[in-house]
Amino acid sequence: MKRAHSILITGLVGMLLLSGCGGKPSASTHHHGLDSERYETTASVTVMPELLSVYTDNTQASYATVGDLEDILKELKCYCGCMDDGKLHDSLHRCFIAEKNDDGVKWTDHGAQCGICLSELQDAKRLKDEGKSIEEIKNFIDNKYKGTAPQV
């Protein structure tokens, strides 16, 4: 009996230790909002923020296309859930640029943290490069991503 008790205790302790070493957090633990994003202002859309230096070259290259795609991005819905949670963002544009005014461009790393935002941006660039209209790009993005938005 004492041996069975020891095995049970050892098993429980082992499970607790292993659960603390779990893998990546699930998608449901990713929260969008002011407290999870970093911001940096640069002089223009052609000057990339330093906050991107911790992200991959691919992410940095994607951000470098935002200036050329602004008119399109302002027309696209973001399907990561950031538009549904208290209306933090009004378009995919806000996932990359929080604000633009006479002082410059206030970038956010929201898009860099989110695979859906980056994927939508990359699709929009590819479709624009293929000569698609804003309406065609919107239809493509809506059809491809509408099932990915978290239910609120």
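**Exercise 1. Classify the two partners of the Asp90–Arg94 salt bridge by exposure.**

Asp90 has 52% relative accessibility and so counts as exposed; the classes are buried under 20% relative accessible area, exposed over 50% and partly exposed in between, with a 1.4 Å probe and protein chains only. Arg94, with a relative accessible area of 28%, is partly exposed. The closest N and O atoms of this salt bridge are 3.4 Å apart, and the criterion is a side-chain nitrogen of Lys or Arg within 4 Å of a carboxyl oxygen of Asp or Glu.

The model is predicted: local features need pLDDT of at least 70, side-chain atom pairs count only at pLDDT 80 or more, and totals for chains, interfaces and linings use all residues. Residues are numbered from 1 along each chain as its sequence is written, and side-chain values use heavy atoms, without hydrogens and water.

**Exercise 2. Describe the salt bridges of Asp123 and Asp129 with Arg126 and Lys125.**

Step 1. Asp123 pairs with Arg126, the closest N and O atoms lying 3.4 Å apart. Both are in helix α4, three residues apart, about one turn; helices are DSSP runs of H or I with at least four residues, numbered from the N terminus.

Step 2. Asp123 is buried at 8% relative accessibility, whereas Arg126 is partly exposed at 34%.

Step 3. Asp129 bridges to Lys125 with a closest N and O separation of 2.6 Å. Asp129 is exposed at 53%, and Lys125 is partly exposed at 31%.

Step 4. Shared partners join Asp123, Arg126, Glu130 and Lys144 into one salt-bridge network.

Terms used
Helix = DSSP H or I, 4+ residues; strand = E, 2+ residues; numbered from the N terminus.
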